[in-house]
Each structure stands twice: as C-alpha cells, then as structure tokens.
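Student: I am new to this structure and should be grateful for a close look at a single part of it. Please describe one sheet and the elements that surround it.

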Amino acid sequence: MKPFLCIGLLFTVLITSGCWDRTEINDLAFILGAAFDLSDEGEYLLSLQIAIPSSSQGGTGGGGSGQQDKFFVLSATGKNANEAFHKIQNKSSRRLFTAHRSVIFIGESLGRHGIDDVLDVFSHDPRQRLKTYIMIVKGGRGQDVLLTKYPFEQVPTEAVKEMEISGSGLAVTLRDFFIAASSDGISPVMGVIEPESASEVTKGNKNKIFNLTGTAVFKDLKLIGFLDDAETSGLMWATNRMRLGRINAALPDRGGTVGIVLSHAERKITSEVSGDKIKVNLQLHGQGSFVENNTRLDISRPQNLLLVQHALEKSLELQIRKALTKIQKRYKVDSTGFGQEIHRNKPKAWKALKDQWDSKYPMVDISIDVRLSINGAGMAGPPLQLKDKETIK
Amino acid sequence: MKRFRKWMHKEPEYPTIPEDYHSEDEESPRLTLDLEQNELIFRRIFHNSSDIVFRKIGMAEQALWLVIFLESLVDEQIVDEHILKPLISNTSKQQEFDTQAEELDDQIISAASTNLSSNVTDIVRHVLKGHAIVLTRADSNAMMVKVNGNKQRSLEEPSSEPVIRGPRDGFIENISTNIGLIRSRLKSSRLKMESITIGELSQTEVILTYIVGIASESLIEEVRKRVSRIQIDGILDSAYIEEFIEDSPYSPFPLLHSTERPDVVAAELLEGKVAILVDTSPFALIAPMTFWTGLQASEDYYVRWPIATFVRWVRFLFTAIAIFAPPLYVAVTTFHQEMIPTNLVLSLASSREAVPFPALIEALLMEIIFEALREAGIRLPKQIGQAVSIVGALVIGQAAVEAGIISAPVVIIVSITGIAAFTIPRYSFANGIRLLRFPMLFLAGTLGLYGIVLGFLGILLHVAMLRSFGVPYFTPVAPLTLASLKDVIIRAPIWAKTGRPHATGMSNPVREPAGQKPGPSQGKQPSENN
C-alpha cells in the first residue's frame with residue numbers, strides 16, 4: 001500500500017509544480033541579433049533580428065512562393081532597453097528568446113553619446129549571454145546591419161558571429177568588454193563592422209555584405225575613435241590577442257613584397273618605472289610560413305631568409321608602433337592595458353601612478369622587440385615563373 | 001482505506017475439486033493380488049480418457065499380464081519391441097506358474113529404466129509421465145517401464161539470442177534433452193541435477209543444476225528453498241518460477257537471467273551460479289543475475305576481445321540512449337532551448353512549426369505507436385508480421401511528418417531509441433529498459449532536465465538497492481570489486497580472466513592458472529622443464 005501512496009503523492013508534485021515555465025520551441029521568437037541606436041528624439045531605439053523558422057526547411061511547406069525571408073526585424077524606442085524590449089514583445093506573437101542572440105550592434109551615434117545606459121541590462125538579466133559579441137557600426141545605424149541580407153548564412157548575424165570566431169578581426173564579447181571597463185589601467189575596445197554598399201563590389205546583387213574594419217576605442221564608455229585594419233592588428237599584437245594574422249613586408253630593392261601567415265603568436269611584456277619615467281617593453285614572437293614571395297630572392301637560402309625575416313620584423317614593428325602612437329598620442333586612452341600590466345607586476349609603483357594614469361599614459365616609452373621565426377620557405381625558393389638567372393641566390 | 005485494503009487482499013473462495021484419486025498425503029490405495037480388481041481400479045481412474053490403452057496378454061480367458069499406457073505419451077514402437085513382444089513370446093512358458101514383477105524386470109522386459117511399485121497414486125503418476133505399466137496376475141507390485149515418446153522439436157538456434165559466431169543449439173521443451181545439452185558441455189560428475197516436482201496438476205519437473213565446489217552452498221540452499229516453497233496448480237513456463245522466487249517483485253528489471261542457450265548456462269554455472277531448468281520450457285533461469293549480465297551477450301566471449309569490448313561500450317551507450325534520448329529531446333526543446341546550438345534550434349523550430357502538439361505529447365504518441373508496431377510485429381503471423389511493421393513504420397513515420405502532425409526530429413529520436421533498445425542482448429532486460437522510458441518522458445515533460453536528473457537518480461537508487469539471491473544487482477560496480485570489472489567495462493581476454501566473479505565464485509575463486517598469455521615464451525617452458 002505504502003508505495004502506491006508515495007507514488008501518488010509524488011505524482012501530485014509533478015503535475016502541480018511542473019510545467020510552469022514550459023515553452024514549446026515553436027512558441028519562441030529566437031532573437032539572433034540586436035542593435036541599439038539613438039533615435040532622433042534622443043531615446044534609445046532597440047531593433048531585434050528574429051529568425052523565421054519555417055523558411056529554413058525548404059519547399060516542404062505550402063506552395064513554395066519563391067525565396068521567403070529568413071528573418072525579420074522588429075524595433076521600438078524607449079527610455080531604456082527594458083522599455084523598448086517590452087514594446088517589441090507587444091509586437092510579437094511569440095515570446096522573445098534572447099539566449100541565442102550572438103551579436104549586439106551599437107550605432108556609431110549612440111557610441112559617441114555613451115553606451116552605459118544600454119549595457120546594464122545585459123549584466124542584470126540572467127537570460128542574456130555574456131559571450132555575445134558586441135560591435136560598433138561605423139558610419140551607420142545598427143539597424144542597417146540587422147536588415148542586411150548576407151548571402152552565406154541563413155541569417156546575417158550568424159555570418160557576423162562566424163567572422164568574429166574566425167579570429168581575423170578583433171572579437172570582443174560582452175564579458176571582455178565588462179572586464180575591461182571595470183578594471184583599472186585598461187580601457188575597453190570593441191570590434192567595428194561597416195556595411196558595404198552594394199554599388200561598391202557586388203553590383204546588381206541585392207545581397208549586401210559587411211566588413212570587419214578595425215577597432216573602436218572607448219573612453220569612459222564613450223566612443224572616441226577608430227583604428228583601421230592594420231592598426232587593429234598592431235593592437236592585437238600588443239594586447240596578446242593575435243592568433244592568426246598575416247604579415248607583409250616590402251623589399252623595394254629586391255623588387256617586390258613578401259607575405260607570411262602566422263601559425264603562432266606570443267607577446268611578453270615587462271615594465272620599468274623609475275621616477276617619472278615609465279618604460280614598457282614588448283617582446284613579440286611569431287611563427288609563420290611563407291605564402292607569398294614576389295621578390296627575386298631565393299628564400300630557401302638561409303641568408304635570403306634572414307633578409308626577408310628582418311624586413312618582416314621591421315614591418316611588423318612599424319605596424320605596431322603606428323597603432324600604439326595613434327592610441328597614445330591621438331586618443332590618449334590606454335586601450336592596450338599597459339596600466340594593468342604595471343598594476344600586476346609593480347603594484348607599489350602603480351599605487352602612485354593610478355590616479356594620474358590617464359595623463360601619464362601618453363608619455364609612456366614603448367620599446368618593441370619583434371622576433372619572427374619562419375618555418376621553411378614553402379613549396380619553392382624563388383618564384384617559379386622567374387628564369388634561373390633572374391633570381392638572387 | 002481499510003475497505004480498499006480489504007478488497008485488495010480478499011481471500012477468494014476456492015471451489016472444492018472432486019478428486020479422481022487420492023492425493024498423496026492421504027492413505028493411497030494399493031494394488032491387490034487380483035488382476036481384474038486392479039484393472040478396475042485403473043479403469044475407474046482413467047475413465048473418459050480416450051488415449052489410455054489396456055492391453056491384456058494371456059492364454060484363453062486367462063489374462064497373464066495387463067499393460068497400461070497412455071498412447072499419446074509413449075513411443076509405441078518401444079512398447080511393441082520391448083514389452084509386448086517379450087511378454088507374448090513368454091506366455092506359453094509362464095502358463096504354469098505366475099511370474100512376479102521382479103522376474104519380469106530381470107528376465108523379460110528389456111527396457112533401460114524400470115521401477116516397481118504397488119502404490120496406485122505412484123503408478124498413476126508414472127502413467128501420466130509416459131511410462132507403461134505391466135501388471136501381473138499374482139503380484140501386487142506393478143512394473144513401470146519408461147517408454148517416453150519422442151515428441152519434441154529438433155534443436156534449433158535460439159530465436160531470442162542469435163549469434164554469428166558460437167554454438168547454435170538452443171534449449172527445447174523437453175527437459176531431458178536440455179539436461180543433455182548442458183551435460184555435453186560440462187562432463188563432470190560435480191555437475192548436479194536436483195529434481196523437484198512442482199504444480200499440483202502439471203506435476204512439472206524442475207531441475208536445479210549447479211557445480212559442486214564452485215557454487216556456494218548457501219546459494220544452492222536458498223534457491224532450493226525458494227523453489228520448493230512454490231505451490232501452484234500448474235507451471236507452464238519457467239517464467240512462472242521466476243515470478244515466485246525473485247527478490248523484488250515490483251522491479252522492472254529482471255532479477256533472474258533467463259536464457260535459451262545451453263552455452264550461457266554452462267558459462268554461468270562455471271561462474272558459480274545456479275540454473276533452474278523447467279520441463280516444457282525452453283528457457284532456463286540462472287540465479288543470481290546482475291545488472292551487467294543484462295548487457296552481456298554470449299557472443300562477447302566468442303569474438304576477439306577488443307571487438308567485444310568495443311561492442312559492449314556501444315551497448316552501454318545505446319542503453320543510455322534507449323532510456324534518455326526521448327526525455328532529453330523533450331526536456332531540452334520545451335525547457336532549455338538555450339542549450340541547443342543556434343543553427344540546430346532553428347531547424348528544430350522550423351520542423352515543429354506546423355505541429356499542433358506539445359513536444360511531450362508528440363514524443364509519447366510516437367513512442368506508443370512504435371511500441372504498438374513492435375508488439376504487432378511479434379504477435380502477427382510471421383508472414384504478415386514483417387510486412388505490417390514495415391508498412392506501419394513507413395506510413396506512420398513518413399505520412400505523419402508530411403501531414404505536419406509529427407515533427408521529423410521526433411521520428412528520428414523515436415527510431416533511434418527503438419534501435420537502441422534492440423542492442424540490449426537480454427530480452428527481459430531490454431523490456432525493463434523500454435518501460436522506464438515512459439516515466440522518464442513524463443518527468444522530462446513536466447520538470448525538464450531537473451526531472452531527468454531526478455529520474456536518473458531514482459533508477460540508480462533502485463538498481464543499487466536491488467538484490468538477486470543476496471548478490472547486489474549492480475555489482476561489481478557498486479559495491480566495487482575491481483577484479484571483477486574485467487568482465488564489465490572491458491571483456492578481458494580469456495587467459496587474463498583467471499578468477500571467478502567476486503559475487504558468486506568466491507568459494508572457488510581460481511579459474512585457471514595465470515601466465516597463459518600466448519607468446520614465444522609459452523613454447524619455451526616445457527623444453528626447459530624437461
């Protein structure tokens with residue numbers, strides 16, 4: 001008798017307590033991307049890109065009325081993100097589901113206005129993922145990117161996510177951003193995306209594409225400037241974010257350029273503080289292999305390889321130097337986190353520097369030491385199209 | 001409550017059965033010296049039985065011998081050759097004096113197995129077992145000759161446990177053949193066969209078999225005690241015995257290992273277990289059983305051990321899938337959509353777009369339909385069965401998806417689960433696993449992953465609590481005996497499995513000497529010794 005009673009009582013637990021947060025998968029609106037903009041009235045404009053699931057299955061549905069849209073965008077304005085979100089929910093027949101959101105776009109105008117009001121919602125609401133990528137839309141509104149139809153993926157934000165994962169540009173997640181913003185001695189940066197107008201590359205194609213074009217530099221949660229592609233890779237070297245990059249160098253006297261692809265990149269940083277003088281040493285080490293050699297050099301020869309290697313090291317140093325100079329002298333904000341480095345390695349010195357770091361940072365003396373090791377010459381020494389006597393042995 | 005309890009446990013009133021002959025405990029009538037009188041006794045007992053034969057042999061009006069047998073049970077050729085022929089040829093010689101039954105036995109009847117008795121009950125029982133009874137004129141002892149007819153099917157490959165490599169004979173419905181199958185594998189006088197008769201009407205012969213010196217005395221005693229306790233009118237299959245002697249009658253897991261394969265029985269006997277054979281049943285029971293036995297196929301021991309190990313792990317995986325795949329699908333799609341990768345969630349969502357049911361109902365529906373198809377496939381005549389199950393699966397699977405009633409992922413999940421359940425080699429064990437899927441589905445559909453964890457813990461707790469004849473069901477994993485894990489997480493090579501399993505083989509733990517690993521050194525040893 002007793003087991004029956006127990007089972008009966010347990011069953012009531014199942015039917016009375018369960019089910020309350022049960023949602024069928026087809027009652028959810030999967031948000032894939034979001035964009036925050038500043039509306040003309042000075043309110044926040046939230047746009048959400050929502051997947052339309054039925055179209056991805058192909059032609060099994062109704063009579064196949066051509067290519068259906070794979071997503072649509074809902075937007076609403078509000079005094080804060082929560083209000084805008086609520087307004088959008090009222091427009092949607094399905095519950096908005098944020099857990100699959102992969103990218104958040106922020107319009108340039110909102111970036112310059114300051115993003116602290118829209119960020120907070122991501123840190124409080126447990127239904128948000130901190131591993132969402134966050135990006136600035138350069139020269140446009142976030143909404144525009146959401147509305148772009150990207151040819152590869154079902155939904156454009158997936159494409160952005162894949163581009164970020166591939167590691168070619170600067171990928172910053174909410175988590176990275178929060179950590180940088182809340183730490184001493186480092187200012188947050190963000191990836192930049194730029195919609196490319198159809199007229200430029202893909203004429204006649206209704207699909208538009210977008211570019212990852214560098215880095216957005218923030219100061220006090222306000223966008224203050226951009227770094228371009230080359231500067232971004234310099235920044236990534238300096239902040240030890242570099243994973244897969246390409247380095248190119250010109251050798252004018254040998255008649256061309258060389259290029260390598262990195263397979264491994266590493267940064268070591270040391271700092272010296274002596275009175276007012278602050279010195280930061282960057283030791284960069286990279287490993288890569290040749291992909292391009294337009295010079296007449298036979299790079300399978302050690303002395304030529306050394307020559308090319310030096311040129312590449314020089315070029316890389318220049319690239320980094322350029323990026324750091326821009327950050328140091330023009331934006332005057334420590335996006336590289338050198339302050340954090342000093343904080344970690346020389347905590348006593350940091351105590352004195354802490355309060356005036358913003359003014360000290362532009363004066364920091366940075367030395368860059370690049371060492372590249374190149375794994376072989378690739379498949380051929382000199383370019384194969386050259387005659388033997390044209391090559392430099 | 002009290003009334004309910006009373007209703008549950010109400011003692012039925014048994015009708016009194018009119019007895020044709022006296023039961024054992026009463027004073028049984030004995031044969032008289034009068035042949036006609038004796039004949040009358042048996043005629044009365046077997047009245048209205050058309051297959052009884054009373055064959056009188058004698059000169060003139062004087063019957064010398066009376067042979068009684070049931071023609072449906074005996075081999076008439078043996079009766080002719082070894083009873084009737086010698087008797088008839090002896091009638092002239094025996095005319096002058098009356099033979100005693102013992103003389104018959106010694107001099108005339110040339111059958112292997114004979115008994116003498118004057119107890120009518122005893123004689124009747126032997127008649128019902130297929131003996132021929134020879135009554136003589138002036139003796140109150142009757143001679144009982146075993147002349148069982150050979151009405152049995154031939155040995156076939158067991159349909160419930162087929163193997164690619166390994167012996168192909170299986171038990172049949174005749175117990176002496178079954179005993180022979182085991183004896184031919186274990187030719188030792190230490191292999192014992194204890195006979196117990198159970199069933200008031202069926203008088204079924206039940207044999208306990210074990211190897212003296214390997215099976216522990218207490219286990220043998222326990223099995224013997226439990227089996228001899230059974231009181232029932234008839235035993236029609238070993239399943240009847242199983243339900244009477246298992247430890248936890250409410251568990252979905254089988255606590256006795258039932259098998260059709262004599263090689264399995266022999267292997268288990270060598271591990272110190274006790275087998276129970278039941279006449280008229282091709283399934284032997286082996287006690288005790290462990291959880292892991294349910295996942296071991298006999299073929300594991302006949303293929304190369306790395307392959308057997310791999311196949312075992314595949315089986316572990318698919319056993320888990322058989323229980324957890326549909327509940328996980330339901331839980332994740334209705335409660336934890338954030339756990340699914342974005343692309344997958346979108347394609348799941350699109351396949352569920354037109355489906356009117358919640359995922360739980362959908363999964364339940366398909367599971368039940370699958371179970372119905374399976375059941376129909378088994379019950380239908382062989383010729384139709386296959387067609388019906390194929391057509392049913394196709395029609396229901398494909399049509400339901402195309403009509404938008406069931407989503408395609410559910411069909412995929414249910415079919416994977418269906419296949420997964422068939423990877424479990426022991427039929428009764430697979431049944432238990434299949435049954436568990438339904439409560440798990442409900443838990444998943446109401447409580448999500450939390451429910452699955454609860455259900456999993458419940459199952460684990462239950463399995464860990466089970467015992468089969470004093471042996472923990474989950475051994476050797478819990479309680480852990482590392483040495484016995486050799487035959488659970490891997491299938492160790494035969495030369496490496498030197499001991500018997502801890503749970504049953506401890507009264508004789510060594511199975512083979514160590515160091516028999518084949519290799520060049522094996523060849524050297526004898527020459528060094530010589």
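Tutor: The description below begins with the chain as a whole and then turns to one sheet and its helices. The model is a predicted one. Chain A contains twelve helices and 13 strands. Of its 393 residues, 38% are buried. When contacts between residues at least 6 apart in sequence are considered, 71% of them in chain A link residues at least 24 apart.

The part chosen here is an open sheet of four strands in chain A, whose order is 10-11-12-13 and whose pairing is mixed. Its edges are formed by strand 10 (246-251) and strand 13 (365-374) of chain A, each of which pairs on one side only. From one strand to the next, the twist averages 40°.

One pairing within this sheet may be followed in detail. Strand 12 (residues 277-293) and strand 13 of chain A run parallel, and ten bridges join them. As an example of a residue and its partner, Q283(A) has D369(A), in strand 13 of chain A, as its bridge partner.

Two helices complete the picture. Helix 9 (residues 302-331) of chain A packs on the sheet, where it touches strand 10, strand 11 (256-274) and strand 13 of chain A. The direction of helix 9 makes about 145° with that of strand 13 of chain A. Helix 10 (residues 338-345) of chain A, in turn, lies across strand 11 and strand 12 of chain A. With strand 11 of chain A, helix 10 makes an angle of about 50°. Strand 11 of chain A is thus named in the description of helix 9 and in that of helix 10.

Terms used
Residues are numbered from 1 along each chain as its sequence is written. Chains are lettered from A and ligands numbered from 1 in the order in which they are written. This is a predicted model: local features need pLDDT of at least 70, side-chain atom pairs count only at pLDDT 80 or more; totals for chains, interfaces and linings use all residues. A residue is buried if 20 or more other C-beta atoms lie within 10 Å of its own, exposed if 12 or fewer, and partly exposed in between; C-beta atoms are placed from the backbone. Two residues are in contact if their C-beta atoms, placed from the backbone, lie within 7 Å. Two strands pair if DSSP finds at least two bridges between them. Axes are lines fitted to C-alpha atoms, for helices over the stretch in contact, and angles run from 0 to 180 degrees between N-to-C directions.
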